[in-house]
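Welcome, and please load the model in your viewer with a cartoon representation. We will go from the whole chain to its sheets, then to helix pairs and a few backbone details.

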Amino acid sequence: MSGVLVFTEIKDGKLKKASREALSIGRKLAEAAGGELVAFANDAAVAEDAGRYGAKKLYVLAAADYATEPYTAALAQVVSDVQPSVVLFAGSSNGRDLAPRLAARLNAGVASDVDRLEWTDGKLRARRPVYSGKAFATVDVVSTPAIATTRPNAFPLEEAGGGAAEVVNVSASADNRVKLVETKVPEAGELSIAEADIIVSGGRGLKEAENFSLIRDLAHAIGGAVGASRATVDAGWIDHQHQVGQTGRVVSPNVYIAAGVSGAIQHLAGMSSSKHIVAVNKDPEAPIFRVADLGVVGDLFQIVPALTEEVKKAKAH
């Protein structure tokens, strides 16, 4: 038993970035374990994309919409056929839903929200944040297969340069007791904070909902996504899909800009693993400055618009 199986997700006919990251680390684990990398998706159209990141085979469940039960059944069948040592999921909503369900069916262990993975001494070793990100735990997943969900933006993209993966069709035998009623998509032009390389977040310091336009202007100018603190979401200033934190999204962008965000512990738990953190707050004692790489003490209503204009000028040249 060796090799790695990666559950992948698709958007606009291409593999999502988080899935490509999972394939990138999955290929390294497969090489260390002495096996091959295979992938699972719901559309054969991504066979070339999967092959580019090292997948030799792509197991395809022809299902338009995600549903836990049929996907669990299909994945369990693929695991039985392939006998992988490791099964990886990107830490998306679907990945976090599906991984524990599959683990329960297989009587396997799960390391969730991991930011490091290695194959050592015949088992999967993972590092994951604990205590709201204040510490890290290194764990060995001793079950076979070992299952893990990867934190988005924690693993670098590395293409393998291979040809298209061989497509193998699979079917689901489980009854689906859940019916998809409606799908709500973000408004046009809005990037998802789950996979964004740059996030600009606003907090209670914005004072009212209308002032989120300052955050959106900067995010759009810099090519980033709009984030928010829990306080602003609870106040109804912005949708929950933008919330960063323990009760929202855990993010790890390359750049995280927090304007008017005080830095409550649940918010820090959701963004402290960002590569570079910039904080703008008029309170020099705000907790956000403890994790910031660059802190600006001042009025966000002056600083954010000025920064937006500088970004626009720089991009115009």
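Helices (H or I, at least four residues) and strands (E, at least two) are DSSP runs, numbered from the N terminus. This is a predicted model, in which local features need pLDDT of at least 70 and side-chain atom pairs count only at pLDDT 80 or more, while totals for chains, interfaces and linings use all residues. Residues are numbered from 1 along each chain as its sequence is written, and side-chain values use heavy atoms, with hydrogens and water left out.

**Stop 1: the whole chain**

Start with everything selected. The protein chain has 8 helices and 17 strands. Its radius of gyration is 21 Å, close to the 20 Å from the globule rule for 317 residues, so the chain is as compact as a globular protein of that length. Here the radius is taken over C-alpha atoms, and the rule is 2.2 Å times the number of residues to the power 0.38. Along the principal axes, the C-alpha atoms fill a box of roughly 60 × 45 × 40 Å.

**Stop 2: the sheet of 7 strands**

Next, select β7, β11, β6, β1, β4, β5 and β12, which is their order in an open sheet with parallel pairing. Two strands pair if DSSP finds at least two bridges between them. At the edges stand β7 (110-114) and β12 (166-170); each has a single partner strand, so one side of each is left without a neighbour in the sheet. On average, neighbouring strands here are turned by 20° against each other, direction ignored. Angles in this tour run from 0 to 180 degrees between N-to-C directions, and axes are lines fitted to C-alpha atoms, for helices over the stretch in contact.

Zoom in on β4 (residues 37-41) and β5 (residues 57-61), which pair in the parallel sense over 4 bridges. Which residue of β5 is the bridge partner of A41? Click on V60 to find it.

**Stop 3: two backbone details**

Most residues other than glycine have a negative phi, and most peptide bonds are trans. Select D113, which is found in strand β7. Its phi is near 55°, a positive value in a residue other than glycine. Then go to T144 and P145, joined by a cis peptide bond with omega of about 0°. P145 lies in the loop between β10 (135-141) and β11 (146-150).

**Stop 4: helices α3 and α4**

Now show α3 (residues 68-82) and α4 (residues 93-106), which pack at an angle of about 55° with their axes 10 Å apart. That makes α3 oblique to α4; angles under 35 degrees count as roughly parallel, over 145 as roughly antiparallel, 65 to 115 as roughly perpendicular and the rest as oblique. The crossing of α3 and α4 is right-handed, the near helix being turned clockwise from the far one by less than a right angle (anticlockwise would be left-handed).

For the contact (heavy atoms within 4.5 Å), show side chains including Y71, L75 and V79 of α3 and L98, L102 and L106 of α4. By class, this contact has 8 nonpolar, 2 polar and 4 charged residues. Ala, Val, Leu, Ile, Met, Phe, Trp, Tyr, Cys and Pro count as nonpolar, Asp, Glu, Lys and Arg as charged, and the others, Gly among them, as polar.

**Stop 5: the sheet of 5 strands**

Move on to the open sheet with the order β14-β13-β15-β16-β17 and parallel pairing. Its edge strands are β14 (225-228) and β17 (294-297), each with a single partner strand. Inside it, β15 (residues 255-259) pairs with β16 (residues 276-281) in the parallel sense over 5 bridges. V255 has H276 in β16 as its bridge partner. Add helix α5 (residues 212-222), which packs on the sheet and touches β13 (198-202), β14 and β15.

**Stop 6: helices α5 and α8**

Keep α5 and add α8 (residues 300-316): their axes come within 9 Å and cross at roughly 20°. That makes α5 roughly parallel to α8, and their crossing is left-handed.
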